[in-house]
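Colleague: I am new to this structure and should be grateful for a close look at a single part of it. Please set that part within the chain as a whole before turning to the detail.

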Amino acid sequence: MIDIHTHILPGLDDGPVHMEESLAMCRMAAEDGAVAIVVSPHMFNDAYNVTREDILRGVALLQRRLQAENVRLTIRPGADVRVVPDLDGLLRQGLVMTLGNSGKYLLVELPQDVLPMGLSQLLFSIQLLGITPIISHPERILDVQEDPSVMIEFVEAGNMVQLTAASITGDLGDRPQKCAFALISGRLAHLVASDAHSIHGRPPGLSQAAARMQKLLPPEEVEDILFHRPLRILAGEYINLPEPRKPNTDRRKRLSWGWTVRSGRTC
Ligand SMILES: [Fe+2]
């Protein structure tokens, strides 16, 4: 598995404070089955604004420490980039860290309550730079919880969607979980990441979410979500996505988009 969204570099944002906790988080990720993780500190967030140089320096340092301690985990640069009105201009100036530093995929963090006005146009202006925006954890946004089908427009416009693993497992509560399942049912969830912040609060690890998704999706789709698509993102390669469908928001119904429902409660 490859985790494309983690706050794991020490002392930069609301992730770990010290290198020892970073190392412990990396060990947890590796033991859980991750082969690579992308560090994604906050950029242009009100509270934190980490620079590209900070991230590249942090990645090199953390990777060296992991090698010294024989932890088999590849660390790649990235960022959790808050939508700001001039984001396309900041990208043009080379001030924004893309996933894997490939210049092809950008993890975009939205406000937690509403979808901002003008979001579609901003995302389109990013696409015009040859960059695919990945909207991080929309299932945690109130507007999307109210109506998950609002994400169809964004996906049809060429944007991707990343869910938080803890939303799928239910650790973030009922509403994010219900919304996550609805987005999965509509083929509107292309990636799942831990968004890990610490050993305890929101720890690294994707295996529990993977097990949950195995009950909802064919195994090859789960592999795409947790490994093949992240790998292509880090290589800066094109990703062919499934056509979205209307999300199933009725928890009593089984998923009905034509894939085999393997077992268990579906939504
Ligand atoms: Fe994050």
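**One strand residue and its setting**

Modeller: The protein chain has an average pLDDT of 92, and 93% of its residues score at least 70; pLDDT is the predictor's confidence in each residue, on a scale from 0 to 100. For residues 252-267 the pLDDT falls below 50, although this stretch has 40 contacts in the model beyond near neighbours in sequence. A contact here means heavy atoms within 4.5 Å. Where pLDDT is low, the predicted coordinates should not be read in detail.

This is a predicted model, in which local features need a pLDDT of at least 70 and side-chain atom pairs count only at pLDDT 80 or more, while totals for chains, interfaces and linings use all residues. Residues are numbered from 1 along each chain as its sequence is written, and side-chain values use heavy atoms, with hydrogens and water left out.

The protein chain contains 10 helices and nine strands; these are DSSP runs numbered from the N terminus, with helices (H or I) of at least four residues and strands (E) of at least two. Its radius of gyration, taken over C-alpha atoms, is 17 Å, which agrees with the value near 18 Å for a compact globule of 267 residues; the globule rule is 2.2 Å times the number of residues to the power 0.38. Along the principal axes, the C-alpha atoms fill a box of roughly 50 × 40 × 30 Å. Of the 267 residues, 54% count as buried, where buried means under 20% relative accessible area, exposed over 50% and partly exposed in between, with a 1.4 Å probe and protein chains only. Among contacts between residues at least 6 apart in sequence, 73% join residues at least 24 apart.

The part chosen for a close look is L106, which lies in strand β6, residues 105-109. L106 counts as buried because its relative accessibility is 0%. Leaving aside residues up to four places away in sequence, L106 touches V81, L87, L91, V96, M97, T98, I126, I131, T132, P133 and I134. One of these partners, I126, is 20 residues from L106 in sequence, and their C-alpha atoms are 8.8 Å apart.

Other residues connect with this region of the sequence. S40 sits in the loop between β2 (36-39) and β3 (42-43), and it too is buried, at 0% relative accessibility. Apart from residues up to four places away in sequence, S40 touches I4, H5, T6, H7, D13, G78, A79, D80 and L107. G236, in the segment after α10 (219-235), touches S102, K104 and Y105, with residues up to four places away again not counted. With a relative accessible area of 23%, G236 is partly exposed. G236 is also 97 residues from E139 in sequence, with 26 Å between their C-alpha atoms.

Two loop residues complete the account. Most residues other than glycine have a negative phi. F44, in the loop between β3 and α2 (52-68), has a positive phi near 65° and is buried at 16% relative accessibility. R187, in the loop between α8 (174-185) and β9 (191-193), likewise has a positive phi, of about 55°, and is buried at 15% relative accessibility.
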